[in-house]
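Student: I should like to examine how two chains of this assembly meet. May we proceed by question and answer?

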Protein chains: 4
Amino acid sequence: MRRIAILTSGGDAPGMNAAIRALTRKAIHEGFEVFGVERGYLGIMEEQFIPLSNRSVGGIITQGGTMLKTARFPEFQNEDVQKKAYDILKAHSIDHLIVIGGDGSMRGATSLAKLGMSTMTIPCTIDNDMGGTQYTIGFDTALNTVVDAVGRIRDTSNSHERVAIVEVMGRKAGHIALKAGLACGAEIVLVPEKPMPLHDVCRHLKETQIRGKEYSVILVAEGAYNSGEVKSYIKEHTEFDPSLTVLGYLQRGGGPSAFDSILAARMSETCIDLLMNGTDNRLLGYIDGHIRPISYQEAELLDFPIQEKDYTLLSILSS
Amino acid sequence: MRRIAILTSGGDAPGMNAAIRALTRKAIHEGFEVFGVERGYLGIMEEQFIPLSNRSVGGIITQGGTMLKTARFPEFQNEDVQKKAYDILKAHSIDHLIVIGGDGSMRGATSLAKLGMSTMTIPCTIDNDMGGTQYTIGFDTALNTVVDAVGRIRDTSNSHERVAIVEVMGRKAGHIALKAGLACGAEIVLVPEKPMPLHDVCRHLKETQIRGKEYSVILVAEGAYNSGEVKSYIKEHTEFDPSLTVLGYLQRGGGPSAFDSILAARMSETCIDLLMNGTDNRLLGYIDGHIRPISYQEAELLDFPIQEKDYTLLSILSS
Amino acid sequence: MRRIAILTSGGDAPGMNAAIRALTRKAIHEGFEVFGVERGYLGIMEEQFIPLSNRSVGGIITQGGTMLKTARFPEFQNEDVQKKAYDILKAHSIDHLIVIGGDGSMRGATSLAKLGMSTMTIPCTIDNDMGGTQYTIGFDTALNTVVDAVGRIRDTSNSHERVAIVEVMGRKAGHIALKAGLACGAEIVLVPEKPMPLHDVCRHLKETQIRGKEYSVILVAEGAYNSGEVKSYIKEHTEFDPSLTVLGYLQRGGGPSAFDSILAARMSETCIDLLMNGTDNRLLGYIDGHIRPISYQEAELLDFPIQEKDYTLLSILSS
Amino acid sequence: MRRIAILTSGGDAPGMNAAIRALTRKAIHEGFEVFGVERGYLGIMEEQFIPLSNRSVGGIITQGGTMLKTARFPEFQNEDVQKKAYDILKAHSIDHLIVIGGDGSMRGATSLAKLGMSTMTIPCTIDNDMGGTQYTIGFDTALNTVVDAVGRIRDTSNSHERVAIVEVMGRKAGHIALKAGLACGAEIVLVPEKPMPLHDVCRHLKETQIRGKEYSVILVAEGAYNSGEVKSYIKEHTEFDPSLTVLGYLQRGGGPSAFDSILAARMSETCIDLLMNGTDNRLLGYIDGHIRPISYQEAELLDFPIQEKDYTLLSILSS
């Protein structure tokens, strides 16, 4: 019976558990034996393999986080460590390793693939900043969390504070800020890909006020600005005294949205089907509404940055 | 200045307000004058036209329901009524009518188009049962509502009741039941497209228990069975005493999910862009991740039923 | 070292896990050894005792349901069974048994107390229908769940359906219906304690419409009417075609509200403090904002029915 | 017909709209004419009186914020301004002014009362920091918001970050931090009333880790520390790299919890009943589970600080 090992790596994201459950049950259904590796790549080195059964993945589908835990393990960039990991996987008779995570996690899988390991990668990070896919599991859930939070903040719009700054995650990309901005009707979105000087932000706020808007929401991507500095600058250069909310890890929590949960199920199914058909070392990319196997090399080259037209649309709709 | 009128028709759905806001602001940005028609097609007959401005659609993006209200108006199938509606629209100098709703609403738009009116239709219903599009605005929100509800019901899984029946909407289609079932990990899904005799349901429940599952959730599409009868049958023919939840209009409420809100924004943008380019009498279809203009005739023929493979996947994953 | 055993019994309620955690940690802090009994009174008979530590109750505070599971066990009304249970508890050197549950659970504790067992009861049921206390843990959470659900149903108020019926739990009492009705502004509340003929309901609906209300919500306590019959009657005797939602076990799920979680912590603290001071065989009653030990006999006699003035207030505020 | 004016003042809080609705409908039921004053005390000066009817307060019960808006107006501490306000109220034939807000708002009412105006104050602020009452409307909702947020942050507990800092509101008091800490099981709570040096926080974190806890949540009351400095200090003096979430105005938003909504209804009823019985110039205090009229002088003196025993209980339960 062929053996599959599953690990989750990097920052956790809603939907990781849904993927673990779906991979396990689909793989068992197809005749595989399934193991979970705890704490990502570190867990390989520490030989933390646990057998997974249909029952052991029961009840996790709607839980945030990951039952397999995750850990930072920068040492895995070292080729000796990779080699040792390969040897350990082979010693445990693991035929295929399935990695659930972001781009750092995929690079780990790529390294092991070069050594001869059969791997697959399921894209899973709230930041939606991976090559090779237009979408990563967890992003939709994070957007809903941000939209819900901004909705609550807008409730106090009748209060004396007229500008609210909300800092969101996204690492070096503005995906969360821009899409959440469209979804919640933010007046201004500050993303790293489209630098906007703070004096333009102030001018924009004043114009918004003149147009009769009672309230402005500014979404600040963590990669664009220090949100505390945005607050200070606006307070100093306008008559506004903005409130500040830093959503932080709130965005990583919660059970997966229906979209993320279903995508986790489908990608897991495709992943096992591909392995059965002899295809491996692929990222499961989500492109134009379809799940496609993308080679790791292609994934590195295939970039899906934020779309200019989303930015333009947001500015039209916030008028 | 060209004039646009917007109406919402049929059952309301989360995202209708987001579409009204986006259509209004985009149209005004492009130089149109915009009016809302209250209470759907009935409102045309009663000449309930209200001017819409950037400010009058402020603050509605995250609200459920529709600020333009909606109404049943079966009389609109009558050609004389359609003609009168056409005349009224012309008397008010309306150049384009944008209809937000489901298939009944699209048929109304088709009728007016035949009389010479320039129309567009934005697909918006929680049931996802329209021709010409793989997706209707509101469906994602409804799925999230169902998943959240089932999650709460599962919380009581340690209680003595071991089977929970949850009735969901969907009219004659099983889209909500099947997709929500995948998303929440339901054990059994009863949809009209795949009739399952109740004695098979009972057999399945017993097998599930033998496999060691402590709890089973059965999602019943309203088009498949009377959920009360499912409950009675199971109680009579097994040792289980199922609990029953009928979600009803709960599924229509709430603010739109990020996905629905963003899609409403993008479809609205495309809608106005198409009108400006001289294309009209189209449904905005969502196909393979892209928004495409679909002629009403084509939309009638292009059906997207529930997918067999989703059904199979669900049964594998519920093992 | 004295030994405490904890069990949860009857229908589960949000806050049971919070109480298990607080009892365990407080008791260990005071030098007790703590055991959990699985599946309520049945678990005593089956000797399902598991040791509880500070770590084993970690992470459960916000979870719905009960980690100790619960079960129906009507056989416990039999004196022989009670005696056997007493013997088993003594054989396991249990000094005190703490029961978390509703009135049926308290009766079990009373029986064991009569045999000489030292017991305590923490009131925990969503129905708020116990003697000896004005409040039971879980009730506040259930109210918030109902209010949230009704809020979503109201969102569709612009739709053509003008009357929504929502069936809520409460067993033979109207606590949930009446308090949730006040909290969400229901137009009509049907509770077993104040029978209202259905023709009065119809008359009331018509008057409401005349007063200009666009929408009416009717909360039906499960103990008052079959909600399906209320729907049929209204449809037959008025022009309204009500929608129906049956919340069912949705009301039992979800993590505990802040109020329920804090009360669980405080009652647990008081419970252990009382045992240390030699007081036992008491219900922890919540009376006039304070936690008070109530003897089981007193609890049987001390009834807190729904308040007439709440009913009057609701009818004034729904005008 | 006697005239009542209602205003909301200071920071808004969930439940303000529920109080406006209940006051209006109860007062109209009792034969009063009711007006709303927009933007708090500023609105008196600007004579922004709007008539309120049963219909105009429809549909607001579950909405956050306040339909009457609120504003800062420090000039109202000036006696000349108070006198002018008094004259304006009299010119509009206002018999009674009902103020909904926190302690600053009550001081405004006290000033007008000294000039001869008949007033009442409904306590409404999320901070729960008013004299004369153990509870202010909005506090329970804010607690639930914080508990929900911390629950999501805990979901990521399997991630590599082991310490999460969450900054909450509360002005100079630690009510929100302490009660939310009890409700969500926070490991450490930093409140202004019990200063804890940061090196003690670090020591506590290390001990927690040694006890086997995988994750620690620190709630920081805004009045106790700058949360960014707490983060920096811990990062510098331990091996932990804490995540930071600043909830900000998120805590003010959302519809009122059932508890807040019901209390708003009851306090409103009592308020109008008292005015009808000739009692005025009172704060509606919530003391030991009962609503009591408290004279403004008494309210100034009657302080309900955070309870030492809650702090002790939290530290026992976080073990």
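Student: How many residues of chain D are in contact with chain A?

Tutor: The model is a predicted one. Contact here requires heavy atoms within 4.5 Å. On the side of chain A, 35 residues take part, and the number on the side of chain D is 35.

Student: What area is buried between chain D and chain A?

Tutor: Carbon and sulfur atoms give 52% of this area. The total buried between the two chains is about 2,900 Å².

Student: How many residue pairs are in polar contact between chain D and chain A?

Tutor: The salt-bridge rule finds zero such pairs across this interface. For polar contacts, with both residues at pLDDT 80 or more, the count is nine residue pairs.

Student: Which element gives the largest share of the side of chain D that touches chain A?

Tutor: Two elements of chain D give two or more residues to this side: β9 (243–246) and α5 (139–155). The largest share, five residues, comes from α5(D).

Student: How do the residues of that side of chain D divide into nonpolar, polar and charged?

Tutor: Glycine is counted among the polar residues in this division. The side of chain D that touches chain A has eight nonpolar, 17 polar and ten charged residues.

Student: As by what kind of axis are the two copies related?

Tutor: A turn of 180 degrees with a shift of 0.0 Å along the axis lays chain D on chain A, at an RMSD of 0.0 Å. The copies are therefore related as by a two-fold rotation axis.

Student: Which residue of chain D has the C-alpha nearest the axis?

Tutor: The C-alpha in question lies 2.3 Å from the axis. It belongs to D:V246.

Definitions and conventions:
Residues are numbered from 1 along each chain as its sequence is written. Chains are lettered from A and ligands numbered from 1 in the order in which they are written. This is a predicted model: local features need pLDDT of at least 70, side-chain atom pairs count only at pLDDT 80 or more; totals for chains, interfaces and linings use all residues. Side-chain values use heavy atoms; hydrogens and water are left out. Buried area is the accessible area (1.4 Å probe) that two parts lose on being put together, summed over both. A salt bridge is a side-chain nitrogen of Lys or Arg within 4 Å of a carboxyl oxygen of Asp or Glu. A polar contact is a pair of N or O atoms within 3.5 Å; within protein, one must be able to donate a hydrogen and the other to accept it, and residues adjacent in sequence count only if both atoms are side-chain atoms. Helices (H or I, at least four residues) and strands (E, at least two) are DSSP runs, numbered from the N terminus. Copies are superposed by least squares on the C-alpha atoms of residues with pLDDT of at least 70 in both.
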